[in-house]
Amino acid sequence: METQNATLDIDRSIGDFAYPEVHVRDAGVGLGRHTINYISDVKDDPDWVRDFRLKALDVFESKPLPTHWASKDLEAIHFDKIRYYLSPGTETKRNWDDVPDDIKKTFERLGIPENERKFLAGVEAQFDSEAVYSNIKKAVGDQGVIFVGSTDGLKKHPEIFRKWFGKVIPTGDNKFSALNSAVFSGGSFIYVPPGVKVKHPLQAYFRINAENFGQFERTLIIVDEGAELTYMEGCTAPKFTTATLHSAVVELVAMKGAKIQYITVQNWSSNVFNLVTKRGLAHEEAEIKWIDCNIGSRLTMKYPGVVMKGRKARGEVLSIALAGDGQHQDTGAKMIHAADETTSNIISKSISIGKGRATYRGLVHVPKHLKNCKNNTECDALLINGQSRTDTYPTITVRGAGNAVQHEASVSQVSAEQIFYMQQRGLTEAQAMSLSVNGFVNDLVRQFPMEYSVELKRLIDLEMEGSVG
Amino acid sequence: MSSSLAVQPELEEIAQDGASADSRGLLLPEPGSTGWFGQVQAEGWRDFNALPAPGRTDEKWRFASVKALDLSLYNRARPVAGVDREELIGRSCGLAESAGRMIFANDRLLTREIQALAKKGVIWEPIEKAAVEHEEIFRKHFMTQEVVLGSKKFAALHKAMVKSGVFLYVPRGVEIELPLEVFHWLHGDNASTFPHTLLVAEEMSKVTLVDYFESADSEAPGFACGVNDLFLGPGANLTYVSVQNWSRNALSIQINSTVVSRDASALSMNLNLGSAFARAENVSRLAGAGGRSDMLAVSVATGGQEFDQRTLQDHQQPDTTSDLLYKNALSDKARTIFSGLIRVEPDAHRTDAYQKVRNLLLSDEAEANSMPGLEILADQVRCSHGATSGQIDEEEFFYLLSRGIPPMVARQLVVSGFLNEVVERLSCRPIREKLRELIETKSAPA
């Protein structure tokens, strides 16, 4: 396969366009106490939120970049050249027709209202720092489901919001969770009351439109006893010439017997640093499942986690990463077993094309005196060219004799023989390559909701077209 | 001891070396020795002082109890003489037959035996002698391997402090049937030792070397900091076995490297039994096409022992193979750490690399940490790794009980069976038997 020196570019044409900026609120360039105060003033934060932000800023400043284990590419982020808050200065609209025209056009080009009509129970669309549109179907709202932006959540539902906010992912968890805690804006707050099973997914759509901008959405989802929810998020940005930062924090809380499925298809343009902290807290017999697809960005560092706090809780991460030229997908999973009979499963598949680099980084922790905890981890990597790179760095700690953990990883190629065989049956080289790669991820993609598996297959097809030649 | 062995005791010339007979603290500079070796040692001492000590956030020491690395407790070891010397020689029991033996205590050679190999050009000398008499070949290889797994500072300390050890040179085409054996004894409270093994196996040669690391008193605190470099020429075949059985209160750091040239084949096996904290770093560099390295280890961790094992399978050239299998059996409050990396360099196409670590947890207080890693930068590669942590299979155990075997015995049988899978990979039967016996003694219920 060494002959393929193809330059691969992911098809981002669907998201690669920008409209002129019309921001009324702008916190300016750089980060300091004044930035935090500006954001808090604009958002009319309660005092506890302002204090929370300021403390987080201190934590952010005190923590070094984690370059002793992570990519040195992080040093290319200039925190003093980023704009931390931009918004059109308008209220979030409930009705699509009220959304300002140019923003409306942006999301229409991305197909948001169409999808909403087709299969979603609710949609939120975030443009730079704030949600511009948020709607939930009446039937779902009537069941007591709350689906609003994080600012609305903390103001209108403080009794639930404050109880869990920052509890799953504390400010000091890492440098980027501290940064998010300082300047967060946008993101979703969802509460599903006991026993309510939301049939259709809720979706959030994140869009960066401004150059040198940092998007720091904060999502908190609480699913009460026996309730169920599927949440999907998508993200795009136009291709600017300078680096853009996206650093989100997502906290999930599944109460007793609840189920949460959180699906991400990340297709940022290849100049975005995507440094995201995602973690769920699963109480007794609850189940949290992260489905995480990383296709875009320059550097993604994201390790969705589940803390299994209650007996028989279950955590799962299904991850697909596609690393093309100039991309580094540093993804993985964290499974913290904190109660008896908890089980977790991690399945990760990565594909490196051209000069792309895919890294799996995982943590499985089974502390003392737990019984009958089980973890299964499988990581498979596929290398397409001789210049591609793949790494696997799992960390597994098991204490005590009552538990079973297994980890397996393998690395393979699309073999020249396979391709030759398919060509000999009449497929073009591109078709053959595409078929091989789809075969590699197929068993995982099948577990995705229909709309996503179709889109993902299409993306992979597009990519393979560029990679052979 | 067969009568064909020519015994050459060398006690006089080495053990009278009174300069370090005092028990000053270890971390005071040595009165300078002269010549190129003295310069190397001075350089080691400078580096040791300049390099930072491993800290809590050091990735290469992740999970390790770095507080165990306090060297201020240890002294230079005194020479062992008289009755003690005779006793240690008597206690140096290895295999029934060997091609040669060297016994060291506190870094001084006690005895050296060798079968008639000298006329084939085999060099089997303590390093202080080899450094003078075979300077060219010795200097070419001595401490030339970069220490990449975290113990740079300790390698520098070793370089500054090393007094003796083994230099084995096997010329082109020479095959030594029987294994060669080396005993390193540590004697005295808080004593320190710096064992060194340097092995150069030339093209198409074949040799087996066994290192035994032991303490005279199995409870005495002590410090061991060893370096072991193995070089295989094209087509050479080497089996290296080490038995780490320092005292239960010792701190041990062992830094090993193997360089495998074209079509050569190395197999190394480390058995970890002793020490309170034992760190072992093993690097295999596959530096020639067709090279193969098998890296094996068995650890029986009991009480409060901590075994910290770091490995690197570095595939530098195409068509190379490596296969790592580490097994740990953990009882009581024991901890193990395994951090292994398979690195396939950009041009090392058609690499075949395998890595497996298996932890058997036998108590509720034991802790096993595994960090199996892969870094693949080449094409047409077959790589996989696996890590498992689990307990005794209930069904296996029940089966044994149902055959009338008492629970304690059944448990030991399962543990031996688990660990013996690694030992079986050795082709030399007497070594297999020796290792099995040592494993059984250690894992027997107290």
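**Exercise 1. Take stock of chain B and judge its overall form.**

*Solution.* Begin with the secondary structure: chain B has nine helices and 22 strands. Keep in mind as you work that this is a predicted model. Next, look at the extent: along the principal axes, the C-alpha atoms of chain B occupy a box of roughly 60 × 50 × 50 Å. Now test for compactness. A compact globule of 446 residues would have a radius of gyration near 22 Å, and chain B has 21 Å, so the two agree.

**Exercise 2. Find out what share of chain B is buried, and how its contacts spread along the sequence.**

*Solution.* Count a residue as buried when 20 or more other C-beta atoms lie within 10 Å of its own. By that test, 53% of the 446 residues in chain B are buried. For the contacts, take those in chain B between residues at least 6 apart in sequence; 83% of them join residues at least 24 apart.

**Exercise 3. Describe the contact between chains A and B, then locate a strand pairing across the two chains.**

*Solution.* First, the head count: chain B brings 34 residues to the contact and chain A brings 33 residues. On the side of chain B that touches chain A, β20 (352-361), β21 (367-376) and β22 (382-390) each supply at least two residues. The biggest giver there is β21(B), with ten residues. Sorted by class, this side of chain B holds 13 nonpolar, 14 polar and seven charged residues.

Last, the pairing: β24 (residues 404-413) of chain A runs antiparallel to β22(B), with seven bridges between them. To find your place in the model, look for Ser410(A), which stands opposite Ser384(B) in β22(B).

Terms used:
Residues are numbered from 1 along each chain as its sequence is written. Chains are lettered from A and ligands numbered from 1 in the order in which they are written. This is a predicted model: local features need pLDDT of at least 70, side-chain atom pairs count only at pLDDT 80 or more; totals for chains, interfaces and linings use all residues. Two residues are in contact if their C-beta atoms, placed from the backbone, lie within 7 Å. Helices (H or I, at least four residues) and strands (E, at least two) are DSSP runs, numbered from the N terminus. Ala, Val, Leu, Ile, Met, Phe, Trp, Tyr, Cys and Pro count as nonpolar, Asp, Glu, Lys and Arg as charged, and the others, Gly among them, as polar. Two strands pair if DSSP finds at least two bridges between them. The radius of gyration is taken over C-alpha atoms; the globule rule is 2.2 Å times the number of residues to the power 0.38. A residue is buried if 20 or more other C-beta atoms lie within 10 Å of its own, exposed if 12 or fewer, and partly exposed in between; C-beta atoms are placed from the backbone.
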